[in-house]
Amino acid sequence: MTGPAGGAPLLSDDEVRRAHGRTRAVLVSGQVLAGIGMGSTLSAGALLVTEVSGSAAWSGMAATMTTVGAALASVPLARLARRSGRSPALATGALTAALGAVAGILAAVLVSLPLLLVALALIGVGTAVNLQSRFAATDLSEPRHRGRDLAIVVWATTVGAIAGPNLIAPADAVGVALGLPELSGPFLFTLTAQALASIMYLVALRPDPLKMAERLRLERPVSAVIENVADANGVRTGLIALALSHATMVAVMSMTPVHLVAHGATLVVVGVTISLHIAGMYALAPLFGILSDRLGRGPTIALGQAMLLASLLTTALGAESHEAVVVGLILLGLGWSAATVAASALVSESAPAERRTIIQGRSDLLMSATGAVGGALAGPVLALVGYAGLALSALLLVVVVLVALSWRAVRRGTVTRN
């Protein structure tokens, strides 16, 4: 049997399943590679910015510029994906991040803060690739498994992301051995990892999942694979949860290395702390994906906010204790994970099919933009009121998300009664 236009044969269920499995394998591999590079570079970036600028107040600009880069790339990459498919979009983003790593090494050599900030923005495009990858995992998903499939790709970052921060010291040693300035070595890891990821996306992500999903919409207008019900309120709530949960995480996490070093911690301690935080972000993502599929997106987002609340109180009350900061950072990662997985699934399933890719790109833009603002404000806030004050200030963001969830629940209850 041929397709609607009498061209290629209709896609079989077996072909869709094989394509979905291949897509997931490629996305998982890409996330592992990205995590190895980004995990070490982002931590070292804050320290390098502090060293090059000569002021801790500038340290938050490392996270700010990477999130600015991710924000600026989100919609263009989404439009490229809509026009040409996921494969060229993801490959282009990864290659841009690799070029950013080259610029970062050059900035360290020249001791140039402007060039370093540009380099970090380019590296941030790799974050946009990671964000788009989680949505790519749902292109061929069944609605009942959308949260799980998305979460598996998020989880895949665990391996590289945990190893990444712990590679700061050895990567720095490699860089110094090659004659590079201190703290520039981690950029070599990003360069290698992102270049390999770019090649893999371009070569191995075939057939393209987004193009296949578009073909399925023509062949199976009511297919369970692509079924979704447009819900503008769901999109808004998901966007708020994604944006503010990410801003909370970026603000506190980006200042933690600076806070720890200022209180006598070594690079090894910083690396372990950030590794445990990143483990919280990704290791339990599949569990949160399953919970969001079974309990619902709203309850899982609320669970994430409860963990963020516990994290902020722990870090605020125990700011002078390395152990308390570690516990707080783990909770920060877990809260971010639950909120991000469930909110991403909510946005994806609530958006109308014909505009889903663009809305996904805009959600990544908003998420990255609020993260950039959080990172930019975190440095001055740290300098003004300290680490504990920074954590307490972030409580307001959690409250806003909880209010948005409550409003959605009220609206849904009103619609149901009517």
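Helices here are DSSP runs of at least four residues, numbered from the N terminus. By that count, isoleucine 330 is found in helix H13, a good place to return to once the overall picture is in hand. The model is a predicted one.

Taken as a whole, the protein chain has 15 helices and 0 strands. Its radius of gyration is 21 Å, close to the 22 Å that the globule rule gives for 418 residues, so the chain is as compact as a globular protein of that length. Along the principal axes, the C-alpha atoms fill a box of roughly 65 × 50 × 30 Å. Of the 418 residues, 59% are buried. Contacts also reach far along the sequence: among those with a separation of 6 or more, 83% are between residues 24 or more positions apart.

On the outside, the accessible surface adds up to about 15800 Å², and carbon and sulfur atoms account for 70% of that. As for charge, there are 27 positive and 20 negative side chains in the protein chain, with the centres of the two sets 9 Å apart.

Back to helix H13, which covers residues 322-350. At 1.5 Å a residue, its 29 residues should span 42 Å, and the end C-alpha atoms are indeed 42 Å apart, so the expected and modelled lengths agree. With 25 of those 29 residues buried, H13 is largely enclosed by the rest of the structure.

Two residues show what that looks like from within the helix. Alanine 339 lies in H13 and is buried, with a relative accessible area of 0%. Setting aside residues up to four places away in sequence, alanine 339 touches Ser245, Ile301, Gly304 and Gln305. Proline 114, on the other hand, is a long way off: 225 residues separate it from alanine 339 in sequence, and the C-alpha atoms are 34 Å apart. Isoleucine 330 has a relative accessible area of 28%, so it counts as partly exposed, the band that starts where buried (under 20%) stops. Apart from residues up to four places away in sequence, isoleucine 330 touches Leu276, His277 and Gly280. Threonine 357 is 27 residues from isoleucine 330 in sequence, with 32 Å between their C-alpha atoms.

Another helix with a buried residue to look at is H15 (residues 395-417), where arginine 408 has its place. Arginine 408 may carry a charge counted as positive, yet this residue is buried, with a relative accessible area of 9%. Beyond its neighbours within four places in sequence, arginine 408 is in contact with Asp231, Asn233, Gly234, Thr237 and Leu346. One of these, Leu346, falls within the residue range of H13, 322-350.

Helix H11 (residues 285-294) holds aspartate 293. Its relative accessible area is 24%, which makes aspartate 293 partly exposed. Leaving out neighbours within four places in sequence, the contacts of aspartate 293 are Arg144, His145, Arg146, Gly147 and Arg148. Glycine 45 is 248 residues away from aspartate 293 along the chain, and the two C-alpha atoms are separated by 37 Å.

The loops between helices have a few details of their own. Between helix H3 (86-110) and helix H4 (113-136) sits valine 111. Phi of valine 111 is near 55 degrees, a positive value in a residue other than glycine. Valine 111 is also exposed, with a relative accessible area of 54%.

Further along, proline 207 is found in the loop between helix H7 (185-204) and helix H8 (209-219). The peptide bond joining arginine 206 and proline 207 is cis, with omega at about -5 degrees.

Threonine 266 belongs to the loop between helix H9 (232-262) and helix H10 (267-282). At 44% relative accessibility, threonine 266 counts as partly exposed. Glutamate 51 lies 215 residues from threonine 266 along the chain, and their C-alpha atoms are separated by 16 Å.

Note on methods:
Residues are numbered from 1 along each chain as its sequence is written. This is a predicted model: local features need pLDDT of at least 70, side-chain atom pairs count only at pLDDT 80 or more; totals for chains, interfaces and linings use all residues. Side-chain values use heavy atoms; hydrogens and water are left out. Helices (H or I, at least four residues) and strands (E, at least two) are DSSP runs, numbered from the N terminus. The expected span of a helix is 1.5 Å times one less than its number of residues. Buried means under 20% relative accessible area, exposed over 50%, partly exposed in between (1.4 Å probe, protein chains only). The radius of gyration is taken over C-alpha atoms; the globule rule is 2.2 Å times the number of residues to the power 0.38. Contact means heavy atoms within 4.5 Å. Accessible areas come from the Shrake-Rupley method with a 1.4 Å probe; for residues, only the protein chains shown count as cover. The place of a charge is taken as NZ of Lys, CZ of Arg, CG of Asp or CD of Glu.
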